[in-house]
Amino acid sequence: MQYILAIDQGTTSSRAIVFGSDLKPVESAQQEFTQHFPRSGWVEHDAMEIWESVLSTARAAIDKAGITPGDIAGIGITNQRETTLVWDRETGEPIHNAIVWQDRRSAEYCRELREADFEETITARTGLIIDPYFSGTKLRWLLETVEGAREKATAGKLAFGTIDSWLIWKLTGGASHVTDATNAARTMLYDIAKGRWSSTICDKLDIPMEMLPKVLDSAAEFGTAQAEHLGAEIPILGVAGDQQAATVGQACFKPGMLKSTYGTGCFALLNTGDEMVRSQNRLLTTIAYQLDGKVTYALEGSIFVAGAVVQWLRDGLGIIEAADETQGLADQADDGQDVIIVPAFTGLGAPYWEAESRGAVFGLTRSSGPAEFARAALQSVGFQTRDLLEAMQADWADDAPPTLRVDGGMTASDWTMQFLADILGAPVDRPEVLETTALGAAWLAGYKAGLYPGPEDFAKGWALERTFEPQMDADLREARHAAWKRAVKATISAT
Ligand SMILES: Nc1ncnc2c1ncn2[C@@H]1O[C@H](COP(=O)(O)OP(=O)(O)O)[C@@H](O)[C@H]1O
Ligand SMILES: O=P(O)(O)OC[C@H](O)CO
């Protein structure tokens with residue numbers, strides 16, 4: 001038994017990576033799947049398509065690695081978080097498409113909850129703020145909207161899950177309905193201090209608790225994948241939301257360590273140890289990981305659009321064919337123009353939390369073109385990160401600003417990483433392994449299987465590929481950031 005299979009089910013693609021006993025990736029496979037946008041601000045996924053993409057990438061990675069499935073000691077699953085699914089326990093059929101984390105359809109209900117003065121109750125228990133981002137109000141929408149759903153749910157016939165729960169259910173042939181603490185922490189239904197589902201919140205949102213999964217540690221026995229799926233019975237031993245798995249993969253095990261992941265969105269997590277830091281700056285308090293029954297907390301800043309702005313250049317505007325063309329274009333942009341894109345396509349996340357804002361472009365001239373759009377798109381990611389980190393430093397003031405460890409698909413862009421260092425005025429560390437999300441999930445499973453070392457020795461294996469040092473003049477940096485803040489303000493007031 002010398003391998004671990006990591007399944008990384010992301011917002012735009014599913015990936016499977018086989019890791020060896022030395023924690024190095026052996027082979028991988030990846031598959032994109034369909035994004036459904038039925039209305040403005042709505043985003044859905046077909047849960048069966050997700051399941052099939054996971055199955056086929058997992059099989060392909062095992063095939064490519066040329067290993068015997070029986071030699072896999074365990075499976076680690078990491079997933080896009082908050083995305084909400086309800087399925088029928090008897091038939092195993094989803095009752096509706098999955099409602100994706102980016103989806104804003106429950107914005108109106110969130111406003112009602114806030115107006116009913118329920119935010120304090122939610123924040124005190126879950127560490128979150130009221131926003132359509134989290135699963136709770138999406139789940140309520142499904143129960144209210146899908147015919148017969150509420151009656152069936154009350155009768156215990158329906159199961160709710162985030163994508164980890166769905167994949168475990170499918171892999172185990174319906175034997176396990178479970179999740180881990182990091183995923184539970186994103187539902188807006190879970191009490192992160194008490195470590196259990198909150199009946200107060202479920203009552204208020206009218207969610208029958210019968211439909212909620214059992215919550216386990218991030219390294220635990222989640223069930224056994226049936227042989228018909230991957231060629232052998234394989235235990236599922238590690239589960240974490242993708243941002244938490246990246247925190248683990250970046251070996252941010254000590255309080256004060258910070259990572260930021262650039263995929264579809266961008267998520268910065270600061271390890272706060274056993275302290276549940278309550279943000280004064282509209283950041284989230286969440287669970288970083290739960291090992292051996294012990295919870296480690298984090299402060300999180302969540303940005304909904306990072307790499308997605310590059311996808312928009314490609315799919316929406318058609319000005320590039322591939323993401324990596326953006327940096328060449330950005331280099332050609334006219335220094336005399338200051339085009340700013342505020343990519344609030346699905347509202348603004350931390351620290352603004354403006355669910356109903358939509359994107360805006362500022363500073364256009366007759367000669368603004370693809371190069372200026374590409375530069376503004378990449379810069380928007382740096383600007384948003386600075387807003388997050390400023391909020392984080394205000395909440396975690398007694399320490400020196402931590403070094404930022406970055407990962408995720410977009411960190412392949414040197415241009416973006418250099419601008420990030422410039423606008424932060426601080427160094428940015430990019431590790432050798434950019435697939436830290438999958439690595440984190442693999443480590444959780446391998447740790448549970450006894451194949452991988454404990455956190456301290458695992459952390460020693462973290463290797464730096466490159467540090468981006470800030471080069472921008474300080475006055476220019478502040479002027480640029482001030483222009484961005486004005487653009488955000490104007491975007492919000494245009495809602
Ligand atoms: N060279 C690049 N320059 C800019 N953006 C990139 C580059 N490569 C990938 N991206 C962006 O990174 C994202 C993919 O990252 P990934 O970590 O796979 O995301 P996810 O897990 O959310 O599906 C896409 O949104 C893509 O546009
Ligand atoms: O799929 P990603 O990597 O953009 O991550 C999505 C997050 O988990 C949403 O909270």
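Four bridges hold S13 and strand S14 (residues 234-241) together, and the two run antiparallel. Within this pairing, Ala219 finds its bridge partner in S14, at Gly238. That is a handy way into the model, which is a predicted one. The two strands belong to an open sheet of six, laid out in the order S3-S2-S1-S5-S14-S13 and with mixed pairing. Its edges are strand S3 (25-32) and strand S13 (219-225), each of which pairs on one side only. From one neighbour to the next, the strands are turned by 25 degrees on average, direction ignored.

Helices pack on this sheet too. Helix H6 (residues 163-171) touches strand S1 (3-9), strand S5 (72-79), S13 and S14, and its direction makes about 145 degrees with that of S5. Helix H10 (residues 242-249) also packs on the sheet, where it touches S1, S5 and S14; here the angle is about 100 degrees, taken against the direction of S14.

Stepping back to the whole protein chain, its secondary structure adds up to 17 helices and 23 strands. The C-alpha atoms fill a box of roughly 60 × 50 × 45 Å along the principal axes. How does the radius of gyration fit with a compact globule? For 495 residues such a globule would come out near 23 Å, and the protein chain has 22 Å, so the two agree.

The domain assignment splits the protein chain into domain 1 (3-243) and domain 2 (251-431 + 463-495). Between their C-alpha centres there are 25 Å. Where the domains touch, 27 residues come from domain 1 and 24 residues from domain 2. On the domain 1 side, helix H2 (107-115) and helix H7 (181-184) each chip in at least two residues. The residues on that side of domain 1 sort into 13 nonpolar, 10 polar and four charged.

A second open sheet, this one of seven strands, follows the order S17-S18-S16-S15-S21-S22-S23, again with mixed pairing. Strand S17 (284-291) and strand S23 (464-468) sit at its edges, each pairing on one side only. The twist from one strand to the next averages 30 degrees. At one end of the order, strand S22 (residues 428-431) and S23 pair through four bridges in the antiparallel sense. Arg430 has Arg466, in S23, as its bridge partner.

Two ligands come next. Around ligand 1 there are 18 residues, and the closest are Gly10, Gly263, Thr264, Gly307 and Gly409. Which helix gives the most to this shell? That is helix H11 (residues 307-317), with four residues. By type, the shell around ligand 1 holds five nonpolar, 12 polar and one charged residue. Both domains take part, with at least three residues drawn from each of domain 1 (3-243) and domain 2 (251-431 + 463-495).

Ligand 2 has its own set of neighbours. Gly10, Thr11, Gln80, Arg81, Glu82 and Trp101 are among them, and so are Gly241, Asp242 and Gln243. The list also includes Gly263, Thr264 and Gly265. Sorted by type, this shell has one nonpolar, eight polar and three charged residues. Where does ligand 2 lie with respect to the domains? Domain 1 (3-243) and domain 2 (251-431 + 463-495) both give residues to its shell, so ligand 2 lies between them.

A couple of backbone details round off the picture. Ala350 and Pro351 are joined by a cis peptide bond, with omega at about -5 degrees. Pro351 is found in the loop that runs between strand S19 (340-342) and strand S20 (360-362). Another residue to look at is Asp206, whose phi is near 65 degrees, a positive value in a residue other than glycine. Asp206 is also in a loop, in this case between helix H8 (199-205) and strand S12 (214-216).

Conventions. Residues numbered from 1 in each chain as written. Chains lettered and ligands numbered in written order. Predicted model: local features only at pLDDT ≥ 70, side-chain atom pairs only at ≥ 80, totals over all residues. Pairing = 2+ DSSP bridges. Axes fitted to C-alpha atoms, helices over the stretch in contact; angles between N-to-C directions. Domains from an automatic or database assignment. Contact = placed C-beta atoms within 7 Å. Nonpolar A, V, L, I, M, F, W, Y, C, P; charged D, E, K, R; others polar. Near = placed C-beta within 6 Å. Rg over C-alpha atoms; globule rule 2.2 N^0.38 Å.
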